[in-house]
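This report walks through a two-chain model. Please keep the sequence and the coordinates at hand.

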Amino acid sequence: MLALLGIAAIGQRAFLTLWRQPVLVVSTMIFPLVYLVVLGNAMNRPLESVPLAVVDEAGNAYSAECRRGVLALETGRRLVTASFVGDRASALDGLRRGRYRGVWILPFGLSPRGPAPSFIADNTDRFSVETLERALRQVWQEVSAPRDVAPAAAAVQLDAYPYLDYLTYLGPAVVCLAIFMGSMVSGGLQVLEDRMFGYHEGYLVTPITTGTLVAGNVLAGALVASLAGGLVLAAILVITPLSVAGGTSVAAAAATVFLTSTAIAALWFLLFARARSASLLRGMFGIINVLLFFPSGALYPVESYPSWLLSISAVDPLTYGVRALRNLLLRGAAPRAVFSDWVFLATFTVVSGVLTKVLFRREV
Amino acid sequence: MTSPRPIEVERLSRKFGDFVADDEISFAVAPGEIYGLLGPNGAGKTTLIRMLTTLLPPTSGTARIEGHDIVREKSAVRRAIGTVSQAQTTDENLTARENLAVQGKMYGLWGRALRERIEHRLKQVGLWERRGQIARHLSGGMRRRLEIARGVLHRPRVLFLDEPTTGLDPQSRRAIWDMFGELRSHDPELAIILTTHQMEEADHLCDRIAILDAGKILCEDSPAALKRDLATGERVELETDRAISEEDRRGIADEGASDVRFDSPTHVSFTARPGEATGRRVARLLELEGYHIVHLTIALATLEDVFFSYTGRALREAPPAP
């Protein structure tokens, strides 16, 4: 009997505790829905608007047909965003910079007997590559098939980069996930926990300014997150075949990890600047996880997202971290290529920090 | 130009919605003085301390610490004060020394100056041997001593102690009282303000006390003066070998005894003004009349009696519902 009473008492307390914190109830109920909506829209959607460059070196009837086929893909199925580029070199350069996901070259003398089109794919994005390759092959088959007896020359596909398995492809995503997890255990969230125990009284009475408090906590959170991200970065450099990464790329990757960490740490502090209890954090963690991680394009290409999800991606520091790391580690880009990402991350950190300082109430 | 007093409080009030925690509190503390705020739980002591240490803004009234306004010159106030609050503000994952190092940096201390101060204060509170010990492993009394070291590390001009010995065993309490004495002798200009609900603490430590109840100051003076001004503070119990006659009963009343009560013909108890030795005079009177005093108890007036005389309640009871 005593056991039953004890169980009932604990159950009653748990229920009342939850019920008296309506925010917690709402966020707990909403979280699975958010997960479903975001995930459903972020992944497994039909691929859309994949940037493709087409280089027409043939200038004949077949290449014109091919070009029409690509336009059909663009306007009808909306699979691609096509750019018709004049010369091969600038198309490939765009590919290297990540502007195009693939380059379809229609060589001089294009004909069903050969030479056939060449498709150079950004194989760091396997989802896009497979679908694109299939669609373009179909276009070529339709263009080449009805006019000849001899079998059409097989379309050529080349990989722009050395072969990547899925694990390697996921590398940047996992680094960013580590940064995210690391940012949770320190920094601004520590202040929230301090409020629960009264520790915050100890430093709120000292002469340190609110600005110092914010800067110190953001830096602390960033260091912990950088440590986590850095460890995972080191691990993937060791265990996956990243042959394109040179010394400067690795250094730039480390800098990217640090900048992403500061941005995420600043974001956490901002989100909870006015919060009074840590239970709010527990309720919101799941939702924030989903809202930050999945829209970042870590697992699935960003171009396919609906516009409302794209707007989240645009302000999500992880998006820029993932993109920069992909460019540096998988595409072997020079550090210069990710400067714009760095600028965004740094600006994001500063703006968040200033907002936090303004919002933070320095009273007990 | 006289230098500003350490603490000047003028009609300071704090409301939480309709509930008035502190109601137009006014007082002042001189340098080198230990000023006590004595009152039951819920009297508004902690709220008052929080306002004076810039942790909570007042709803009306002003206060100045070393001449700096607590609302308009918060940084200056924070630099001048040290606080030992009821909450545990030492980080349990840091050692004693690390806790002080972190604290010192927030006051702009560093390098050798910081190290020397840490050593000085740890020795002063008797924790130097345990400087490398994680705070979580220190006992309650030691932890409290560490908090005090933390509060005085930066040599504040004013020290706020919010219930410094609550929850400690009598031995630790004594040790901390002795430590305050030492702090004071090392720094005679230091003004200390102390809140407590234990009358022995207020009586023992404070130069002056304000008795607080339901957000208001009831009276303010030195402990001795407060007790002396009570009309009926001393309680006397007398037991004689034979019944006390009517005539002698009147004689007892004439000596200045009040509330005379006879539990039995040989047992009398009464109250008297403290300091007039009424109890001894009554005993002397009875002896002269030929009685033999079997038993004599004189209980001196306490601050508890002072509180009771103002509020009709004991210090330890909860205040009446608003």
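The text below takes chain A, then chain B, then the contact between them.

The model is predicted: local features need pLDDT of at least 70, side-chain atom pairs count only at pLDDT 80 or more, and totals for chains, interfaces and linings use all residues. Residues are numbered from 1 along each chain as its sequence is written, and chains are lettered from A and ligands numbered from 1 in the order in which they are written.

## Chain A

Chain A has 14 helices and five strands. Helices (H or I, at least four residues) and strands (E, at least two) are DSSP runs, numbered from the N terminus. Of the 364 residues in chain A, 38% are buried. Buried here means that 20 or more other C-beta atoms lie within 10 Å of the residue's own; exposed means 12 or fewer, with partly exposed in between, and C-beta atoms are placed from the backbone. Contacts in chain A reach far along the sequence: among those between residues at least 6 apart, 81% join residues at least 24 apart. Two residues are in contact if their C-beta atoms, placed from the backbone, lie within 7 Å.

Strand β1(A) covers residues 50–56, and seven of its seven residues are buried. In a regular strand the side chains alternate between the two faces of the sheet. On one side of β1(A) sit Val50(A), Leu52(A), Val54(A) and Asp56(A); on the other sit Pro51(A), Ala53(A) and Val55(A). Both of these faces are covered.

β1(A) has parallel pairings with β2(A) and β3(A). Two strands pair if DSSP finds at least two bridges between them. With β2(A), residues 80–85, there are six bridges. Here Ala53(A) has Ser83(A) as its bridge partner. With β3(A), residues 102–106, there are five bridges. Leu52(A) is partnered there by Gly102(A), and Asp56(A) stands opposite Leu106(A).

Helix α3(A), residues 61–77, joins β1(A) and β2(A) in a right-handed β-α-β unit. Right-handed means that, with the strands pointing away from the viewer, the path from the first strand over the helix to the second runs clockwise.

What encloses β3(A)? Five of its five residues are buried, so β3(A) is largely enclosed by the rest of the structure. Gly102(A), Trp104(A) and Leu106(A) point one way from the strand, while Val103(A) and Ile105(A) point the other way. β3(A) also pairs with β4(A), residues 118–121, in the antiparallel sense over four bridges. In that pairing Gly102(A) stands opposite Ala121(A).

## Chain B

Chain B is divided into domain 1 (7–228) and domain 2 (234–300). These bounds come from an automatic or database domain assignment. The centres of the two domains, taken over C-alpha atoms, are 44 Å apart.

One open sheet of chain B has four strands in the order β2-β1-β4-β5, with antiparallel pairing. β2(B) (19–29) and β5(B) (68–69) each have a single partner strand, so one side of each is left without a neighbour in the sheet. Within this sheet, Ser13(B) stands opposite Ser60(B) in β4(B).

A second open sheet has six strands in the order β6-β7-β8-β3-β9-β10, with mixed pairing. Its edge strands are β6(B) and β10(B). Neighbouring strands are turned by 15 degrees against each other on average, direction ignored. In the β3(B)–β8(B) pairing, Leu37(B) has Thr195(B) as its bridge partner.

Two bridge sets of chain B compare as follows.

| Strand | Partner strand | Bridges and sense |
|---|---|---|
| β1(B), residues 7–16 | β4(B), residues 60–65 | five bridges, antiparallel |
| β3(B), residues 34–38 | β8(B), residues 191–196 | five bridges, parallel |

Helices lie against both sheets. Helix α5(B), residues 140–152, packs on the six-strand sheet and touches β6(B) and β7(B); its direction makes about 170 degrees with that of β6(B). Helix α11(B), residues 303–311, touches β3(B), β9(B) and β10(B), at about 40 degrees to β9(B). Helix α1(B), residues 45–52, lies across β1(B), β2(B) and β4(B), running at about 60 degrees to β2(B). Axes are lines fitted to C-alpha atoms, for helices over the stretch in contact, and angles run from 0 to 180 degrees between N-to-C directions.

## The contact between the chains

The contact takes 18 residues from chain B and 13 residues from chain A. On the chain B side, α2(B) (74–80) and β6(B) (81–84) each supply at least two residues. α2(B) gives the most, with three residues. By class, this side has seven nonpolar, seven polar and four charged residues. Ala, Val, Leu, Ile, Met, Phe, Trp, Tyr, Cys and Pro count as nonpolar, Asp, Glu, Lys and Arg as charged, and the others, Gly among them, as polar.
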